[in-house]
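Let's take a walk through this fold together. Keep the 3D view open and follow along as we go.

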Amino acid sequence: MRQFFTVFKFELLGQLQSKIFKVITILLVIGILLSLNFTRLENALGTSIDDLGGEKEPKKIAVQNHSDIDTDALIAALSEAFGDDYEIIEETSKNMKQVVKKGYVESAIIIESETKYQYIVETAGMYDYAQEIVNSILQTNYRYTYLANKGLSPDEVNEALNTQIDGDIVITGKDQTQSFLYTYAVIMVLYMVLLLYGQFVASSVAGEKSTRCMEVLITSAKPMNLMFGKVLGSGSAGLLQIVIIFATAIGSYQFNKDIIENDILTAIFGMPVSVAVYSVVFFILGYFIYAFMFGAAGSLASRAEDLGALTLPINLIFIIAFMVAVFGMTSGNIDNTFFVVCSFLPTFAPMIMLVRICMGTVAVWEIALSIGIQVATIVLLGIACAKIYRAGVLLYGNPPKFKDIWKILTTKQE
């Protein structure tokens, strides 16, 4: 145990004292403080982005009406629907495409009849809701006109079209709409952190081998102590960094939540405590699984150039797991057999099971089984990686093939 704690302390202090660790931590903390305190700073300075850039001019939308709809009423309805950021103007030009193309207006709407129109725009944005707005206005106008022609009074038309339906939803499990945002945020953080610290472990081990330090270390400490000490030391540094960053984010949000008007931030920071706890648990499990794999790959690398090829299969497994998690989240179908099976696979479980916990209803025994499988995998990977680490001292030259690695794992070592 003394050897283990010596290696653990050395690796932990090495990570904490490294310039990269300090710079990344400081930059992230500063970025979080500035972004979450932006509104308060803006109010304190008494200025805004619009003030600094001058008064923002509204975007112009040209309207050409060839239907029986009253033009003034149409422009008034469009102005109300689009809001103050847009100015609705009447345009009589015969070539509306050129008006838009030359940048005189942001877009143009040609009303051909009560049920048909053209929407002209240079670049259709992903969040361009202009067509939905025009559809709604024309549809409402058509319904009013149609019902009025059937002999209904204006009051009867209003009552028919504006009757509100009162419905309540009773959720006995999870609301995926509300949980999607914080689930996506947690998975993205998990993806970046696990990949980053896994690469740190691989680079550290490969660096020791390239400088022949591994040959000295392997003779003064047991491979098991070296591997577990290195992985735990790096992991503890990473966990401390995450705690600092998340504590800064949570503290800043709590301090400014009364003045922050952002539904995305509200959803992310409104995640249940149980989800936060499970996130930490699955981060730790996922880190150990991938760190041991990356550590073994690093010990097999003779040169820094070989590290990319050796870690490529691990990266592919990790990326596939992330893609499966994102696909399950976006589809909302997290209870299908494939997704459930993936939540028990050791390399997939840290992300897949976390998605199921966040967005669905998972039995306690399923969570316990997934965690148990991951713990057992960590133990087996630790033993296997220690063997590879010990044999990796003697492996120089070309990267070993799979049969060579299998021989290392199956050969009994004294």
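**A sheet, its helices and a helix pair**

Before we start, bear in mind that this is a predicted model. A good place to begin is the open sheet, which has four strands in the order β2-β1-β3-β4, with mixed pairing. Look at the two ends of that order: β2 (86–90) and β4 (116–121) are the edge strands, and each has a single partner, so one side of each has no neighbour in the sheet. On average, neighbouring strands are turned by 20° against each other, ignoring direction.

Now zoom in on the middle. Strands β1 (residues 59–65) and β3 (residues 107–113) run parallel and are joined by five bridges. If you want a spot to find your bearings, A62 has A108 in β3 as its bridge partner.

Helices pack here too. Helix α5 (residues 71–82) lies across β1, β2 and β3, at about 165° to β2. Helix α7 (residues 130–149) touches β3 and β4, and its direction makes about 160° with that of β4.

Next, move along to a pair of helices. The axes of α13 (residues 273–300) and α16 (residues 349–359) are 9 Å apart, and the two pack at an angle of about 170°, which means they are roughly antiparallel. On the α13 side, the contact uses V275, Y278, S279, F282 and G286, while α16 brings A349, P350, M353, L354, I357 and C358. Sort those contact residues by type and you get nine nonpolar, two polar and no charged.

One of them, C358, is buried, at 0% relative accessibility. C342 is buried as well, with a relative accessible area of 3%. And how many disulfides are there? With sulfur atoms having to lie within 2.5 Å, the count is zero.

Terms used. Residues numbered from 1 in each chain as written. Predicted model: local features only at pLDDT ≥ 70, side-chain atom pairs only at ≥ 80, totals over all residues. Heavy atoms only, no water. Buried < 20%, exposed > 50% of the residue type's maximum accessible area, 1.4 Å probe, protein only. Axes fitted to C-alpha atoms, helices over the stretch in contact; angles between N-to-C directions. Parallel < 35°, antiparallel > 145°, perpendicular 65-115°, else oblique. Contact = heavy atoms within 4.5 Å. Nonpolar A, V, L, I, M, F, W, Y, C, P; charged D, E, K, R; others polar. Pairing = 2+ DSSP bridges.
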